[in-house]
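Subject: Structure handover

Hi,

I'm passing this structure on to you, and since you haven't worked with it before, I've written up what turned up in it. Have a look first, then read on.

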Amino acid sequence: MLKTILAARETLLLVAVLLLLLLVSSRFPAFIEIDNLVKVLTDTSPLIILALGQMLVIVTRCIDLSVAANLALTGMVVAMLNTAAPELPIVFTLLIAVSLGAVLGAINGLLVWRLAIPSIVVTLGTMTIFRGTIFLISDGQWINAHEMSEHFSQFPRGSVAGMPVLAWIAVLVTITAWIFIARTPTGRAFFAVGSNPHASVYTGIDVGRTQCIAFIISGALAGLTGYLWVARYAVAYVDIASGFELEVVAACVIGGIAIAGGQGSVVGVLLGAIFLGVVKNALPVVNISPFWQLAISGAAILIAVAFNSRSSQSRGRLILKEAEQST
Amino acid sequence: MNNTVQTMPDHLRSPFSSKVKSWETLLLLVAIGIFILNSFSSPYFLDAWNLSDATFNFTEKAMIAFAMALLIISGEIDLSVASIIALASTAMGAAAQFGAGTAELVFVGLTVGICCGAFNALLVTVMGLPSIVVTIGTMSLFRGISYIVLGDGSYRGYPEDFAFFGQGYVGWVISFELALFGGLAVFYWVLLHKTNFGRAVYTIGNNPVAALFSGIRVQRVKFILFLLTGLMSGVAAVCLTSRLGSTRPSIGVGMELEVVTMVVLGGVSILGGSGSIVGVVLAALVMGLMTFGLGLLNVPGIVMSIFLGLLLIGVIALPRLWSRYVSRTE
């Protein structure tokens, strides 16, 4: 029963995405050509990567509002590093981006774990601190395309088997996340902590530590995206990805992640992000002003969260019924 | 029987209430400290008009913070306040284009504020959705509507006497906003600390189930609190629009963070159940004096936001570190 409802949830999203594609392509057939779909996937890749990290955090009953600021700060640091040492191999850039992101995530995680401060307060705070720090280290200056070395800005755009590296990374992260969540004890622990923190303590799971790990992973993915973002758009400044954290949370909520924790799937989040990505890319095609984007994602969050609570209510009842029948 | 009742104290002197008291004393000392520091660091600080200007830093945010304090004490939160300002301001701008007078503009601003609050309230209390996601959603939705209406444009051309709310003075250096801030502070102090409604807010924050069983209409109280927060955002929208004299869809962006910071800095527990209006007033003064002082020292706004973030985390982290340190040494 539980499985069919979860399946229905994701099927519904898939149907919504397909309907959207069909609707747009009925007037603009070029939209569903493979080339364009790859473009849409590439454009949505940062959102997918960040949403998967955010998913882990939300599943453990926390929220990470600092991801966009983390992304911008890491992006600025690697961009400045690139201008200082243009010949640095890309492997090191990636490594630095991921580790710096993880460190920033660890700051959130440690404050939540060690001091038991509510995650929303912590990440609202670190969000502004990270943004301010970008201004401090960059002096408010932009780093533009011509200041970046060739291999730095070309890496995410390089094509492998007809798809840009950026999209491949998103695919890789998605598969890793799926295996990690389904097949490792730590992955299962996130859900245990989110479903019932007290019970998970008795099964030997450290709740705070698990939440901290979720924040570190979310931060590391934000750091990775930071480099990819800066390289792809070939510009770094204080306000890049400003407000992007809301879109990330939106993708999660649309993907069926319960904000109360303990529920969610990788496929759902993937579809949630793709849904937003298709909407965003379809708007200019069907000649609607991009200014609609914000309101649409807001409305989508509200509809999705209303839908989430409906499905969780019926599930609660079902569990009770099953318990009654078994006794 | 009567004897036992008489010997029972009417309220318990818990260590917590004394902690809250000392928190407000601490805030007062910090405010005085910043005041003295500022007056030494800049010769322009100790001037009645400069100080009066400085109050604009916090009056609009504090108006929302009062209502937000009650909301957070009751265990909910509203992150959409800044977006309500944007929508209310956009509606006022549109009304002004159709030649609305000052009275109509204020009416439009407050009505939009209340409607937005009612929308949040409906989703949270009637549909039973978590307020944090709902208001993250409406945060996008409300500002999104402003963007749809305005795009990258702006509204100007407000009537001349509309400027009074954000730029007018009721006497000497007391601006209209400062007077309103004072009036609202008294109103919310009475509401939270002297009425049954205020007691209900605390009860709900401490234990919503127990509150329900003791006859408090929990959902109705929460509904009213969301309405009040929406209304206060509308009031702040009137003041801010009047002060700036123009409306862009990005108006007041990020203000929700400062409002929440102000409330938490004022000693309100983010988990609900405790806090006081006096604390929020003092927190408003501390934040206002700090931003003004840093501004006099030519510190850019975005760097100030680092202080803001540190303040937000610091005010919660330090007492916890301190109590852990104390319990360890004992």
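One definition before we start: the expected span of a helix is 1.5 Å times one less than its number of residues. Try that on α7(B), which has 20 residues: 28 Å is expected, and the distance from its first C-alpha to its last is close to that, at 28 Å. 17 of those 20 residues are buried, so α7(B) is largely enclosed by the rest of the structure. Just after α7(B) comes B:Gly151, with a positive phi near 60°.

Please keep in mind that this is a predicted model. It scores ipTM 0.81 and pTM 0.86. Chain A has a mean pLDDT of 88, with 92% of its residues at 70 or more. Residues 314-318 of chain A fall below 50, and that stretch has 3 contacts beyond near neighbours in sequence. For chain B the mean pLDDT is 86, and 94% of its residues reach 70 or more. Residues 1-6 of chain B are below 50, with 0 contacts beyond near neighbours in sequence. Where pLDDT is low, the predicted coordinates should not be read in detail.

Where the chains meet

The interface involves 39 residues of chain B and 36 residues of chain A. On the chain B side, α7 (131-150), α13 (255-265) and α15 (301-329) each supply at least two residues. Which helix gives the largest share of that side? It's α7(B), with 14 residues. Sorted by class, the side of chain B that touches chain A has 29 nonpolar, 8 polar and 2 charged residues.

Two more helices to check by length

The same sum can be done for α6 of chain B, residues 102-126. Its 25 residues should span 36 Å at 1.5 Å a residue, and the end C-alpha atoms are 35 Å apart, which agrees. B:Gly128 follows α6(B) and has a positive phi, near 70°.

Over in chain A, helix α4 (residues 90-114) has 25 residues and should span 36 Å; its end C-alpha atoms lie 35 Å apart, which agrees. What follows α4(A) is A:Ala116, and its phi is positive, near 55°.

Positive phi in alanines

Most residues other than glycine have a negative phi. With that in mind, two further alanines in chain A are worth a look. A:Ala161 has a positive phi near 55°, and its place is in the loop between β1 (159-160) and β2 (163-164) of chain A. A:Ala241 also isn't a glycine, yet its phi is positive at about 55°; it lies in the loop between α10 (207-233) and α11 (244-254) of chain A.

Buried or exposed? A:Ala161 counts as exposed, because it has 5 C-beta neighbours inside 10 Å, and 12 or fewer is the cut-off for that. A:Ala241 counts as buried, with 23 C-beta neighbours inside 10 Å, where 20 or more are needed.

Inside chain A: helix α2

A:Ala51 sits in helix α2 (residues 34-59) of chain A. A:Ala51 is buried, with 34 other C-beta atoms within 10 Å. Leaving out residues up to four places away in sequence, A:Ala51 touches A:Val248, A:Ala251, A:Cys252, A:Val269, A:Gly272 and A:Ala273. A:Ala51 and A:Cys252 are 201 residues apart along the chain, but their C-alpha atoms are separated by 6.0 Å.

A:Ser45 is in helix α2 of chain A too, and counts as buried with 27 C-beta neighbours inside 10 Å. Its contacts, again not counting residues up to four places away in sequence, are A:Leu166, A:Ala167, A:Ile169 and A:Ala170. From A:Ser45 to A:Ile274 is 229 residues in sequence and 8.7 Å in space, C-alpha to C-alpha.

A helix pair in chain B

Last one: helices α9 (residues 176-194) and α10 (residues 196-206) of chain B pack at an angle of about 65°, with their axes 5 Å apart. That makes α9(B) roughly perpendicular to α10(B). On the α9(B) side the contact is made by B:Leu191, B:Leu192, B:His193 and B:Lys194, and on the α10(B) side by B:Phe197, B:Gly198 and B:Val201. By class, that contact has 4 nonpolar, 2 polar and 1 charged residues.

Cheers

Notes: Residues numbered from 1 in each chain as written. Chains lettered and ligands numbered in written order. Predicted model: local features only at pLDDT ≥ 70, side-chain atom pairs only at ≥ 80, totals over all residues. Contact = placed C-beta atoms within 7 Å. Helix = DSSP H or I, 4+ residues; strand = E, 2+ residues; numbered from the N terminus. Nonpolar A, V, L, I, M, F, W, Y, C, P; charged D, E, K, R; others polar. Axes fitted to C-alpha atoms, helices over the stretch in contact; angles between N-to-C directions. Parallel < 35°, antiparallel > 145°, perpendicular 65-115°, else oblique. pLDDT = per-residue confidence, 0-100.
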